[in-house]
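Visitor: I have a model open on my screen and would like to understand the words used for it. Could you take me through them one by one?

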Amino acid sequence: MAENTTDIYSRVKALIDEGETSEIEFKSANGGFPGSFWESYSAFANTNGGTIVLGVAEKNGRLFFDGLTEETATQYKKNFWDCAHNRGKINACLPRESDVKMAQIDNSYILICYIPRASYEIRPVYIGSNPFGNTYRRNHEGDYRCTDAEVRRMFADAEHDRHPQDGRILVGFDFDRDIDIESLHQYRQTLASLQPSHPPTPGSVSAIWIS
C-alpha cells in the first residue's frame, strides 16, 4: 500500500514544485519500467546521491502524472528491488527499504526512490558486468556516461580508500638506499621548530635519530 500521509504528500509536492535538478529526476513509466532508470541510479550513486520519481512525465518544462494504478506501482517497486539485488543489472544495491516508497497524489500513484551516494570504496557503480561504457555521473540535470579515464580514476580512489598509501608495506625497500638523509634531517628540524613539545611516535620517521 502507498504511504498516503501528510509528510510524504508534502515531500512529493516539494519535489515536483522544485522540478528536475542535479539531485532530482522524474521519469515516465507509462510504457513499463524505464531502462534509463538505471542510468540515473548509477549517476546519482557516483555523484552526490539523489531522488528518482517514477510515474511523472516532463513535457515542455511541465510535469504530468502518468496515472499509474496502485497495482502497477507495486509491481514497479518489486521490479526495482529484484534488479537492485541482481549483480548482473547493477553492481551495488545502495538504498535501504525505507528509501523506496509509493505515494498517491490525486488519482495517480508514483514510486519515489532515493539513491544514496556511494562511498569511495564502492565506486564506480555501474550497469551490468562491465564498468567501461556503463558508468554514469550526474551533471546539472542530466546523466552522462563516464569516460574510461574517469572510471579508472574511481577504481584508483577506491583502492586508495581501502589501502591508504601511507599504510603500505614497501616490498624491496632499503632505508640506506631509498631515504634521502639530508631531506630527513630537514623534516625533523622543521617539525622540531613547529612543534617543539611534540613527542615523536615510536617507529615514525620523526622518531628516527640520524647522527
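Guide: Gladly! Let us start with a term: contact means heavy atoms within 4.5 Å. Keep in mind that this is a predicted model.

Visitor: Then which residues meet between helix 2 and helix 3?

Guide: On the helix 2 side they are F37, W38 and Y41, and on the helix 3 side F80, C83 and A84. Sorted by class, this contact has six nonpolar residues, with no polar and no charged ones.

Visitor: What makes helix 2 oblique to helix 3?

Guide: Two packed helices are described by the angle between their axes and the distance between the axes. Here the axes of helix 2 and helix 3 (residues 70-84) come within 12 Å and cross at roughly 55°. Angles under 35 degrees would count as roughly parallel and 65 to 115 as roughly perpendicular. The crossing angle therefore makes helix 2 oblique to helix 3. As for handedness, helix 2 passes helix 3 in a right-handed crossing.

Visitor: Why is helix 2 called largely enclosed by the rest of the structure?

Guide: A residue is buried when its relative accessible area is under 20%. Nine of the ten residues of helix 2 (residues 37-46) are buried, so the helix is largely enclosed. Among the buried ones are F37, W38 and Y41, which also take part in the contact with helix 3. For the chain as a whole, buried residues make up 38% of the 211 residues.

Visitor: Now the sheet. Why are strand 1 and strand 5 said to stand at the edges?

Guide: The open sheet has four strands in the order 1-2-6-5, with mixed pairing. Strand 1 (24-27) and strand 5 (100-105) each have a single partner strand, so one side of each is left without a neighbour in the sheet. On average, neighbouring strands of this sheet are turned by 20° against each other, direction ignored.

Visitor: How do you know that strand 5 and strand 6 pair?

Guide: Two strands pair if there are at least two bridges between them. Strand 5 and strand 6 (residues 108-115) have six, in the antiparallel sense. Within this part of the model, Q104 stands opposite Y109 in strand 6.

Visitor: Which strands do the two helices touch on the sheet?

Guide: Helix 2 touches strand 1, strand 2 (50-54) and strand 6, and its direction makes about 165° with that of strand 2. Helix 3 touches strand 2, strand 5 and strand 6, and its direction makes about 165° with that of strand 5. Angles over 145 degrees count as roughly antiparallel.

Visitor: What about strand 3 and strand 4: how many bridges join them?

Guide: Four bridges join strand 3 (residues 56-59) to strand 4 (residues 62-65), and the two run antiparallel. K59 stands opposite R62 in strand 4. Their hairpin has two residues between the strands, and N60 takes a positive phi near 55° there.

Visitor: What makes D106 count as exposed?

Guide: Exposed means over 50% relative accessible area. D106 comes to 51%, so D106 counts as exposed. D106 lies in the loop between strand 5 and strand 6 and has a positive phi of about 60° although it is not a glycine. Most residues other than glycine have a negative phi, and most peptide bonds are trans.

Visitor: Where is P124, and what is the peptide bond leading to it?

Guide: P124 is in the loop between strand 6 and strand 7 (136-139). The bond from R123 to P124 is cis, with omega near 0°.

How values were computed: Residues are numbered from 1 along each chain as its sequence is written. This is a predicted model: local features need pLDDT of at least 70, side-chain atom pairs count only at pLDDT 80 or more; totals for chains, interfaces and linings use all residues. Side-chain values use heavy atoms; hydrogens and water are left out. Buried means under 20% relative accessible area, exposed over 50%, partly exposed in between (1.4 Å probe, protein chains only). Axes are lines fitted to C-alpha atoms, for helices over the stretch in contact, and angles run from 0 to 180 degrees between N-to-C directions. A crossing is left-handed if the near helix is turned anticlockwise from the far one by less than a right angle, and right-handed if clockwise. Ala, Val, Leu, Ile, Met, Phe, Trp, Tyr, Cys and Pro count as nonpolar, Asp, Glu, Lys and Arg as charged, and the others, Gly among them, as polar.
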